[in-house]
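Here's a quick tour of one model, written for someone who likes to know the cut-offs. Have the structure open while you read.

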Amino acid sequence: HLYKNKERISRMPAFSRAGEGGISRKNKSSIVSLPIILKKKVNFAKIKKEGKEELAQWTETKVTTMLSFEDEVLNGLIVNMFDECSETGEAVDGTKFYEQLLPFLEKENTETFMSELWQLVTNLDEETGVPKQFIEAREAQKRKREEKADQFRKSREDLDRRRDARRGRDRDRRSQHGYNNERGGSSGGGGGGGKFRGRRRFDSREPKRELPYDR
């Protein structure tokens, strides 16, 4: 990894003194060709607490991805630079940030990190003082959650409709079955139903009763 000795960061000069020394000629030559966006000045005092917290989280994720391990000291150093710039209340460009990070992230990673960082801090929402990119990301996540919730609601409604329809069909089948049974029992079939129900059947084997006029 580019940064193996964390004590080096703890001995680094404060951000306000970062330009006084400690940068090699090789790194100084790299600073000559800074990305254009780093020439824009930023007043960190305009970044509200919520924005600073989100910047700190973004910094931690970005640095961890670049170094392939979590470096709390380096993350803390960058956040301290945010605080220092905010306390001075002066607008600064990205030069000193770049100088401070170059020995630890090297040129390619430093340019990538600083370009993305400056893209965030140069596009703040005036009302909230939060980088617009963070606000847009939150809104996109909110829309995604709402879409998922809407899909879930529609799925539940569709499931309820199909279940109600199935229950209705089951009720209709039961009702039809009961009606058929009732008709079958009253058709004069087995069991002696209908108007002959309760009457005694004629049995040819019974002796014929003698009627009075037969005598």
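What follows covers the main nonpolar core, then two residues with unusual backbone angles.

A word on the ground rules: this is a predicted model, where local features need pLDDT of at least 70 and side-chain atom pairs count only at pLDDT 80 or more, while totals for chains, interfaces and linings use all residues. Residues are numbered from 1 along each chain as its sequence is written, and side-chain values use heavy atoms, with hydrogens and water left out.

Let's start inside. A nonpolar core here is a set of buried Ala, Val, Leu, Ile, Met, Phe, Trp, Tyr and Cys residues joined through side-chain atoms within 4.5 Å. Buried means under 20% relative accessible area, exposed over 50%, and partly exposed in between (1.4 Å probe, protein chains only). The largest such core holds 33 residues, and Phe44, Phe97, Phe113, Met114, Leu117 and Trp118 have the most contacts inside it. At least two core residues come from each of α3 (49-67), α4 (72-88), α5 (95-121) and α6 (132-185). The top contributor is α5, with eleven residues. Helices are DSSP runs (H or I, at least four residues), numbered from the N terminus.

Leaving aside residues up to four places away in sequence, Phe44 touches Lys52, Phe82, Cys85, Ser86, Val92, Phe97, Trp118 and Val121; contact means heavy atoms within 4.5 Å.

Now for the backbone. Two non-glycine residues with positive phi are worth a click:

| Residue | Phi | Place | Relative accessibility |
|---|---|---|---|
| Ser68 | about 70° | loop between α3 and α4 | 57%, exposed |
| Glu106 | about 65° | helix α5 | 47%, partly exposed |
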